Amino acid sequence: SPSQGIEMRIAIVINSERMTPELQAKLDSKELTEKYDITYDLFVPKPDELETCLQKLNHETYNACLVGGGDGTICTAARILTATQLPLAILPLGTLNVLAKSLEHPNDIDAIFAIIKNNKTKLIDVGEVNGVIFINHAWLGSYYYIMKMREKHKDILGKSKILKALTNIFWMFKHLPIYEFKIESDEHAGTYKTCLIFISTNESSSSPFHFGTRALMSTGLLDINIINCHTRMQLLKCMLSVLLLGYKKSKYVKQF
C-alpha cells in the first residue's frame with residue numbers, strides 16, 4: 001500500500017478490441033490523474049499480445065493493475081497476476097462480464113478509479129485445471145466445440161448477446177457428442193456419461209438471467225453441474241426446465 005502523501009501509480013491494460021474512442025480520449029487526457037491523484041501507464045495490446053504484455057509489466061512499479069475487457073481478458077490477467085502481489089481491478093467491457101458482476105464492479109472508468117483510490121483489496125477463490133487458472137467456470141464437453149464455432153464466426157456475430165445465445169443453442173443441437181467422465185473428490189466419486197459438465201468457483205446463480213454470477217467468492221468450494229442428457233430431445237427438455245426452474249431444480253442436471 002502506498003504511504004500517505006505518496007502518489008499511486010497503476011498499469012492500465014485494455015484489450016484493443018474493447019477500446020472505445022470515448023474511453024481512449026479520457027485516458028489520453030489528464031482528467032483522471034488530476035481528479036484521483038493516480039498516475040498510470042496505458043497499454044492497449046491486441047488479444048494475441050495480451051499475455052506477453054502482462055508478463056512484461058514491472059509489477060513492483062505499480063500499486064494495482066486495471067484490466068479492461070471481457071471475461072477472457074480478465075482470466076488471462078488473473079492467470080498471470082495470481083503469481084504476484086499486484087491487485088487486479090476490472091473494467092468490464094465484454095459481453096457477459098461474469099466476474100465483474102459477481103464483484104459488483106461498475107463499467108465506469110471514474111468509478112473504478114475511485115475503487116482503486118480507496119486502496120482496499122478483497123481475496124477471491126480461483127480454480128485450476130491441469131495447471132491453468134480459471135476465475136469463473138470450467139466447461140468439459142461440447143462447450144469447447146461451441147466456442148470454436150463462435151470464434152470462427154465472430155465477425156458475423158459481433159457483440160450481440162442475443163445472436164451469440166441463439167447460435168450457441170444451434171451449435172449445441174447440431175453437435176451433441178457424449179463423453180464419459182470419472183469424478184473423484186474427498187466426498188464424492190462417480191462415472192457419468194454426459195454432453196456437458198459445468199464447474200464454477202463457488203456456488204453459481206441458477207437463474208438464466210444471472211447465470212454464472214456468485215453471491216460468495218471465497219468459500220473454497222467448487223460447484224459441479226453435470227448435464228444428464230444423451231439425446232437432443234432430452235437436451236431440449238433440459239433447456240426448457242432450466243429456463244423455467246433454474247438448473248438446480250432441473251431433473252436433467254446433477255449438481256453437487
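## Surface and overall build

Accessible areas here come from the Shrake-Rupley method with a 1.4 Å probe. On that basis, the protein chain of this predicted model exposes about 14,800 Å², and carbon and sulfur atoms supply 54% of that area. Buried residues account for 43% of the 256 residues in the chain.

Welcome to the fold itself: the chain holds 10 helices and 12 strands. Its radius of gyration is 20 Å, close to the 18 Å that the globule rule gives for 256 residues, so the chain is as compact as a globular protein of that length. Measuring along the principal axes is another way to picture the chain, and its C-alpha atoms fill a box of roughly 60 × 45 × 30 Å.

## Contacts and charges

How do the parts of the chain meet? Taking contacts between residues at least 6 apart in sequence, 63% join residues at least 24 apart.

Charged side chains are worth a look too. The chain carries 29 positive and 26 negative ones, and the centres of the two sets lie 9 Å apart.

## Helix α4 and its surroundings

A good place to begin a closer tour is helix α4, which spans residues 71-81. This helix is mostly covered, with 8 of its 11 residues buried. The buried residues are T73, I74, C75, T76, A77, A78, I80 and L81. Which elements do the buried residues of α4 pack against? Their partners are the helices α3 (50-56) and α5 (98-102), together with the strands β3 (64-69), β4 (88-92) and β6.

One of those partners, α3, contains Q55. With a relative accessible area of 48%, Q55 is partly exposed, because that value falls between the 20% limit for buried and the 50% limit for exposed. Q55 and I80 are 25 residues apart in sequence, and their C-alpha atoms are 6.8 Å apart in space. I80 is itself among the buried residues of α4.

## N97, between β4 and α5

The loop between β4 and α5 is home to N97. Is N97 buried or exposed? N97 has a relative accessible area of 12%, which is under the 20% cut-off, so N97 counts as buried. Leaving out residues up to four places away in sequence, N97 touches G69, G70, D71 and P92. Several of these names fit the elements already met: D71 belongs to the span of α4, while G69 and P92 fall within the spans given for β3 and β4.

## Two asparagines with positive phi

Two asparagines share a backbone feature. N130 has a positive phi of about 50° although it is not a glycine, and N202 has a positive phi of about 75°, again without being a glycine.

Their settings can be described in turn. N130 sits in the loop between β5 (127-129) and β6 (132-134), and at 79% relative accessibility N130 counts as exposed. N202 sits in the loop between β10 (196-201) and β11 (222-227), and at 1% relative accessibility N202 counts as buried.

## H188 and its neighbours

Between β8 (179-184) and β9 (189-194) runs a loop that holds H188. The relative accessible area of H188 is 19%, which is under 20%, so H188 is buried.

Which residue joins H188 through a polar contact of its side chain? The partner is Y192, and the contact between the two side chains is 2.6 Å. Setting aside residues up to four places away in sequence, H188 also touches I183, K254 and F256.

## Two exposed residues and their distances

Let us finish with a pair of exposed residues. D155 lies in helix α8, residues 154-157, and is exposed with a relative accessible area of 74%. How many residues separate D155 from I74 in sequence? The answer is 81, and the two are 22 Å apart in space, C-alpha to C-alpha. I74 is one of the buried residues of α4.

L216 is found in the loop between β10 and β11, the loop that also holds N202. L216 has a relative accessible area of 56%, which is over 50%, so L216 is exposed. L216 and K174 are 42 residues apart along the chain, and 35 Å separates their C-alpha atoms.

Conventions:
Residues are numbered from 1 along each chain as its sequence is written. This is a predicted model: local features need pLDDT of at least 70, side-chain atom pairs count only at pLDDT 80 or more; totals for chains, interfaces and linings use all residues. Side-chain values use heavy atoms; hydrogens and water are left out. Helices (H or I, at least four residues) and strands (E, at least two) are DSSP runs, numbered from the N terminus. The radius of gyration is taken over C-alpha atoms; the globule rule is 2.2 Å times the number of residues to the power 0.38. Buried means under 20% relative accessible area, exposed over 50%, partly exposed in between (1.4 Å probe, protein chains only). Contact means heavy atoms within 4.5 Å. Lys and Arg count as positive and Asp and Glu as negative; His and the chain ends are not counted. The place of a charge is taken as NZ of Lys, CZ of Arg, CG of Asp or CD of Glu. A polar contact is a pair of N or O atoms within 3.5 Å; within protein, one must be able to donate a hydrogen and the other to accept it, and residues adjacent in sequence count only if both atoms are side-chain atoms.
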